[in-house]
Amino acid sequence: ARAEGVPALYKGLGITVVGAAPAQGLYFACYDAFRSLVRRPKDPLANFVAGNVAQLGGSLVWVPMDTIKERLQIEGQLARNATAEPLGSSLRAVRVILQREGLRGFYPAYWVHQ
């Protein structure tokens, strides 16, 4: 925070505020959808599988959100050693990642996140 100032502490907050509710909503929607297909709702294995399905679904939003947030958070440290243009805001980060890396750029750690 000394080198970048107090605003650096809040980098990535915008994308987190925008993405957290949809990610949680998708998580619970996936969980409920899977649970509605199960014939034995009190089966511990069904709960385990439903949780895994929900995690896979929710991560479709969580992982890109984390990717953007983390890139914004480390941007100041990387700027000292690189010539790349700064990401600046969450919206700009989305545009830059999409342009440079395509959709895969948002999911570098999808399977690790599980």
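## Helix 1 and its kink

Let's start with helix 1, which covers residues 13-37: at 1.5 Å a residue, its 25 residues should span 36 Å, and the end C-alpha atoms are indeed 36 Å apart, so expectation and model agree. Bear in mind as you read that this is a predicted model.

Where does helix 1 bend? A kink of about 35° sits at Gly19, shortly before the proline Pro22. Gly19 is also one of the buried residues of helix 1, and the others in that group are Ile15, Ala23, Cys30 and Arg35.

## The largest nonpolar core

Which residues make up the largest nonpolar core? There are nine in all: Ile15, Met65, Ile68, Leu72, Leu87, Ala93, Val96, Ile97 and Phe106. Two elements, helix 2 (44-79) and helix 3 (90-101), each give two or more residues to this core. As general background, nonpolar side chains in soluble globular proteins tend to be buried together.

Ile97 gives a closer look at this core. Setting aside residues up to four places away in sequence, Ile97 touches Ile68 and Phe106, both of them members of the core. The other contacts of Ile97 are Arg71, Gly102 and Gly105. Keep Arg71 in mind, as it returns below in a salt bridge with Glu101.

## Two buried serines

Two serines are good places to pause. Ser90 lies in helix 3, and it is buried because its relative accessible area, 16%, is under the 20% cut-off. What does Ser90 touch, beyond residues up to four places away in sequence? Its contacts are Gly14, Ile15, Ile68 and Leu72. Of these, Ile15, Ile68 and Leu72 belong to the largest nonpolar core.

Ser59, in turn, lies in helix 2. Is Ser59 buried or exposed? With a relative accessible area of 0%, Ser59 is buried. Leaving aside its neighbours within four places in sequence, Ser59 is in contact with Pro64, Tyr107, Tyr110, His113 and Gln114. Two of those partners, Tyr107 and Tyr110, lead us to the aromatic rings.

## Aromatic rings

How many aromatic pairs does a search of the whole structure find? The search finds three. One of them joins Tyr27 and Phe28 in an edge-to-face arrangement, 5.3 Å centre to centre with 90° between the planes. Tyr27 is partly exposed, at a relative accessible area of 23%, and Phe28 is also partly exposed, at 44%.

Another pair brings together Tyr107 and Tyr110. Why is this pair edge-to-face? The ring centres of Tyr107 and Tyr110 are 6.0 Å apart and the planes stand at 70°, so the angle is over the 60 degrees that edge-to-face requires. Tyr107 is partly exposed, with a relative accessible area of 30%, whereas Tyr110 counts as buried at 12%. Together with Trp111, Tyr107 and Tyr110 form one aromatic cluster.

## Salt bridges

The count of salt bridges comes to three. In one of them, the side chains of Asp43 and Arg40 meet at 3.5 Å, N to O. Here Asp43 is partly exposed at 22% relative accessibility, while Arg40 is exposed at 59%.

A second salt bridge joins the side chains of Lys69 and Asp66, at 3.9 Å, N to O. Because Lys69 and Asp66 are three residues apart in helix 2, about one helical turn separates them. That fits a general rule: an α-helix has 3.6 residues a turn, so residues three or four places apart point the same way. Lys69 counts as partly exposed at 21% relative accessibility, and Asp66 is buried at 18%.

The remaining bridge links Arg71 and Glu101, whose side chains meet at 2.6 Å, N to O. What does this pair tie together? Arg71 lies in helix 2 and Glu101 in helix 3, so the pair ties together parts that are 30 residues apart in sequence. Both residues are partly exposed: Arg71 has a relative accessible area of 25%, and Glu101 is at 39%. Helix 2 and helix 3 are also the elements that give two or more residues to the largest nonpolar core.

Technical notes. Residues numbered from 1 in each chain as written. Predicted model: local features only at pLDDT ≥ 70, side-chain atom pairs only at ≥ 80, totals over all residues. Heavy atoms only, no water. Helix = DSSP H or I, 4+ residues; strand = E, 2+ residues; numbered from the N terminus. Expected span 1.5 Å × (residues − 1). Bend = angle between axes of the 7 residues up to and from the residue. Buried < 20%, exposed > 50% of the residue type's maximum accessible area, 1.4 Å probe, protein only. Core = buried A, V, L, I, M, F, W, Y, C linked by side-chain atoms within 4.5 Å. Contact = heavy atoms within 4.5 Å. Phe/Tyr/Trp six-rings, centres within 6.5 Å; stacked < 30°, edge-to-face > 60°. Salt bridge = Lys/Arg side-chain N within 4 Å of Asp/Glu carboxyl O.
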